[in-house]
Amino acid sequence: MDPTDIDVRRLAKMIDHSLLRPELTTGEVLDGCHLAARYDVASVCVRPADVPLAVKALAGTGVAVGTVIGFPHGASTTPVKKNEALDALAAGATELDVVLNIGLLRSGEDDAVREDIAAVVGAAAGGACTKVIFENAYLEDTDKLRACRLSTLAEADFVKTSTGFAPGGATLEDVRLMRANVPAHMMVKAAGGVRTLDRMLEFVAAGAERFGATATAAILDDLAARRDGA
């Protein structure tokens, strides 16, 4: 995909600026929120404890506040995930990235995985969009296909490749597989290792419609420079 095919605003609105590293200070989270507002991205994705801070920092900006549920391993019980979702909604989050139960998926416990996802989707109904993180680095393609089906049955809004904290992140092959195996109304989010403009545009061409990114400024500045020089 050529950079001249997409403008800066459109690409910015495909980015969830990620602020999930465990060592981030309050000041660093605020700096990240200010960066997200400056570039007018789709959202920030912050740690659950940072949701009230981000909501206050981004009030009136048009940048949504998202957070993570069952992060990063997906192994919290379903009631805990549901309560995490309700707590995040009460604090003002409007996007929830939930890690599916990886071990149960790999064990073939499909009903339990679907119910786990559906509990968060149900808690978020009318208040937030839901993105199901597969953590593809740990999955075979057959697992990924089942995760697509179960996320669809649970009526999630997105499927997402990775947390960014596993041994591997997003791949073009995984994005193509996920795009081909969820309905058209569901979106695909790529996360983990998408750090340059050229790489992001490859993923857009493969079917990704949202990105988890920490290199937001570098990517969007690069696009602006290339379009100015076109």
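**Exercise 1. Break down the lining of the largest pocket by class, then locate its centre.**

Solution. Start with the classes. The lining has 11 nonpolar, 10 polar and six charged residues. Here Ala, Val, Leu, Ile, Met, Phe, Trp, Tyr, Cys and Pro count as nonpolar, Asp, Glu, Lys and Arg as charged, and the others, Gly among them, as polar.

The model is predicted: local features need pLDDT of at least 70, side-chain atom pairs count only at pLDDT 80 or more, and totals for chains, interfaces and linings use all residues. Residues are numbered from 1 along each chain as its sequence is written, and side-chain values use heavy atoms, without hydrogens and water.

Next, the centre. Of the 27 lining residues, Ser18, Gly164, Phe165, Ala213 and Thr214 lie nearest to it. Two or more lining residues come from each of β1 (15–19), β7 (187–191) and β8 (210–213). β1 gives the most, with four. Strands are DSSP runs of E, at least two residues, and helices are runs of H or I, at least four, numbered from the N terminus.

**Exercise 2. Describe the burial of strand β4 and find its partners.**

Solution. Take burial first. Five of the five residues in β4 (95–99) are buried, meaning under 20% relative accessible area with a 1.4 Å probe, protein chains only. Glu95, Asp97 and Val99 cover one side, Leu96 and Val98 the other.

Now the pairing, which requires at least two DSSP bridges between strands. Four bridges join β3 (residues 64–69) to β4, in parallel. Thr67 stands opposite Leu96. Five bridges join β4 to β5 (residues 129–133), also parallel. There, Val99 stands opposite Ile133.

Definitions and conventions
On a 1 Å grid over the protein atoms alone, a cavity is a set of points where a 1.4 Å probe fits but cannot get out, and a pocket is an open set with protein on both sides within 12 Å along at least five of seven lines; lining residues have an atom within 4 Å of a point. Buried means under 20% relative accessible area, exposed over 50%, partly exposed in between (1.4 Å probe, protein chains only).
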